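Open the model in your viewer and set it to a cartoon view. Keep the selection tool ready, and follow the stops in order.

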Amino acid sequence: MTTPTTQQVVAPKKRGSEAPASPSNALDHLDEAARTCALLPNLARIELIRKGTVIEHSALTRALDHTDWLLTTPEEHGSHGMLLMGDSGSGKTTFGELVQAIYAKDDDRRIVIIDASGARTMREVYGRVLQSLDGPVSRTMHTPDREMAVIRILRLLKVRALVVDEIQSVAEGTPRDQRRVLDGLKYLMNVAKVPLICLGAPESERSLVTDRHLAQRLKVFRLEPWKVDNDFLDFLLAVLAQLPLRKPSLLRDERVLEFLIKASSGGLRRIMSIVTSAAVQAVLSGEERVTLRGLMDAVDVPSRQVREGGVHGG
Ligand SMILES: Nc1ncnc2c1ncn2[C@@H]1O[C@H](COP(=O)(O)OP(=O)(O)OP(=O)(O)O)[C@@H](O)[C@H]1O
Ligand SMILES: [Mg+2]
């Protein structure tokens, strides 16, 4: 998926609030922006479908609300943070990118994102922060020097928040390394006064809350696997309202929800991959809507040959 800066972010509508289908406007099933896109040629529509849309579902809203509180609380009150946990493909990185995109708009203060994969010591974490800010970092630079450089650069650039993705990595070091990483994270919040947004696998909670002080300052949010319920229906309807297909997809059928949850084990990456693939196929075949059959067939992505052969229509 491309970064959310190039994507639209949409919130699901309440069920039943969709405009009734009217013969005067055959594209009533779509949100306003998607209606214009639905008139584009096939190739352009396929590109849009594959680019994806970030849907602000309810778990995302809760996490975004807390982020907003963190970023708008005056820093003299001391910095706090949050931990957003979820399985692989549940939308953690998407959330971090979304936060960056939202707050880049209204402020020239940066949101810094680092990927902590494989970083088991604070030295490495500091190295990644410096790298991401094009700051001074040499292999021989010791931890205290890196720490000072990080604090200086975070202050100098008035960094608004630090997002640490794949935070579970820091729990993979020795107990001594772990202790130091936790102390280092607290230090960053205390001294640099930068809110800390941690994104990680569910096991990250266990390692971060071993520290009582850190646990008090990191509010925990979860991106749970999806299941067959109204939240998932709302999410799916919001996705469908964004897909530039020319006919309404009749997916209120519970079998559709059941199929998607079963085929994906509730993982968002897989759900989106199946829906996207079915939507691309619907453009190529001229069906122009997503159906249960289409979703079942889309468990495998359309072959390159089919895609290339079918994109020349209007
Ligand atoms: N809010 C959203 N709306 C629509 N699609 C989403 C949303 N969040 C995530 N996705 C879809 O799920 C995919 C996986 O999301 P993402 O990479 O953010 O997951 P992750 O939790 O960071 O996974 P990993 O742990 O493997 O890094 C995205 O590429 C996108 O297709
Ligand atoms: Mg990720």
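The stops below go from the whole chain to a sheet, its strands, two loop residues and a nonpolar core.

**Stop 1: the whole protein**

This is a predicted model. Start with everything shown. The protein has 14 helices and seven strands. Of its 314 residues, 38% count as buried. Among contacts with a separation of 6 or more, 74% are between residues 24 or more positions apart.

**Stop 2: the sheet**

Select β3, β4, β5, β6 and β7. These five strands form an open sheet, in the order β4-β5-β6-β3-β7, with parallel pairing. Which strands are at the edges? They are β4 (111-115) and β7 (218-223), and each pairs on one side only. On average, neighbouring strands of the sheet are turned by 15 degrees against each other, direction ignored. Strands of a sheet pair through backbone hydrogen bonds, so switch the backbone atoms on for the next stops.

**Stop 3: from β4 into β5**

Begin at the β4 edge. Five bridges pair β4 with β5 (residues 161-165) in the parallel sense. To see one of them, pick I113 and find its bridge partner V163 in β5. Now add residues 122-132, which make up helix α5. Helix α5 lies across β4 and β5, and runs at about 130 degrees to β4.

**Stop 4: β5 itself**

Hide the rest and show the side chains of β5. Is this strand buried or exposed? Five of its five residues are buried, so β5 is largely enclosed by the rest of the structure. In a regular strand, side chains alternate between the two faces of the sheet. Here both faces of β5 are covered. On one side, A161, V163 and D165 are buried; on the other, L162 and V164 are buried.

**Stop 5: over to β6**

Select residues 196-200, strand β6. Strands β5 and β6 run parallel and are joined by three bridges. The bridge partner of L162 in β6 is L196. Now trace the chain between the two strands. From β5, the chain passes through helix α7 (residues 175-192) to reach β6, in a right-handed β-α-β crossover.

**Stop 6: the loops on either side of β5**

Most residues other than glycine have a negative phi. Two residues to pick here have positive values.

- K158: select the loop between α6 (143-156) and β5. K158 is not a glycine, yet its phi is positive, at about 50 degrees. K158 has 12 other C-beta atoms within 10 Å, so it counts as exposed.
- E166: move to the loop between β5 and α7. Phi of E166, also a residue other than glycine, is positive and near 60 degrees. E166 has 19 C-beta neighbours inside 10 Å, and a residue needs 20 or more to be buried, so E166 counts as partly exposed.

**Stop 7: β3, between β6 and β7**

Select residues 81-86. This is strand β3, and six of its six residues are buried. Both faces are covered: G81, L83 and M85 are buried on one side, and M82, L84 and G86 on the other. Five bridges join β3 to β6, and the two run parallel. Pick L84 to find its bridge partner L199 in β6. Then turn to the other neighbour. Strands β3 and β7 pair in the parallel sense over six bridges. M82 stands opposite K219 in β7.

**Stop 8: the nonpolar core**

In soluble globular proteins, nonpolar side chains tend to be buried together. Which residues have the most contacts inside the largest nonpolar core here? They are L162, V163, C198 and A279, in a core of 78 residues. Helix α12 (residues 268-285) gives this core its largest share, nine residues. The core draws at least three residues from each of domain 1 (31-53 + 242-310) and domain 2 (58-223).

Zoom in on A279. Leaving aside neighbours within four places in sequence, A279 is in contact with I49, L243, L245 and V290.

**Stop 9: helix α10**

Finish with residues 230-240, helix α10. Which of its residues are buried? They are F235, L236, L237, V239 and L240. Add β2 (54-55) and α12 to the view: both are among what covers those buried residues.

Note on methods:
Residues numbered from 1 in each chain as written. Chains lettered and ligands numbered in written order. Predicted model: local features only at pLDDT ≥ 70, side-chain atom pairs only at ≥ 80, totals over all residues. Pairing = 2+ DSSP bridges. Helix = DSSP H or I, 4+ residues; strand = E, 2+ residues; numbered from the N terminus. Axes fitted to C-alpha atoms, helices over the stretch in contact; angles between N-to-C directions. Contact = placed C-beta atoms within 7 Å. Right-handed = clockwise from strand over helix to strand, strands pointing away. Core = buried A, V, L, I, M, F, W, Y, C linked by C-beta atoms within 7 Å. Domains from an automatic or database assignment.
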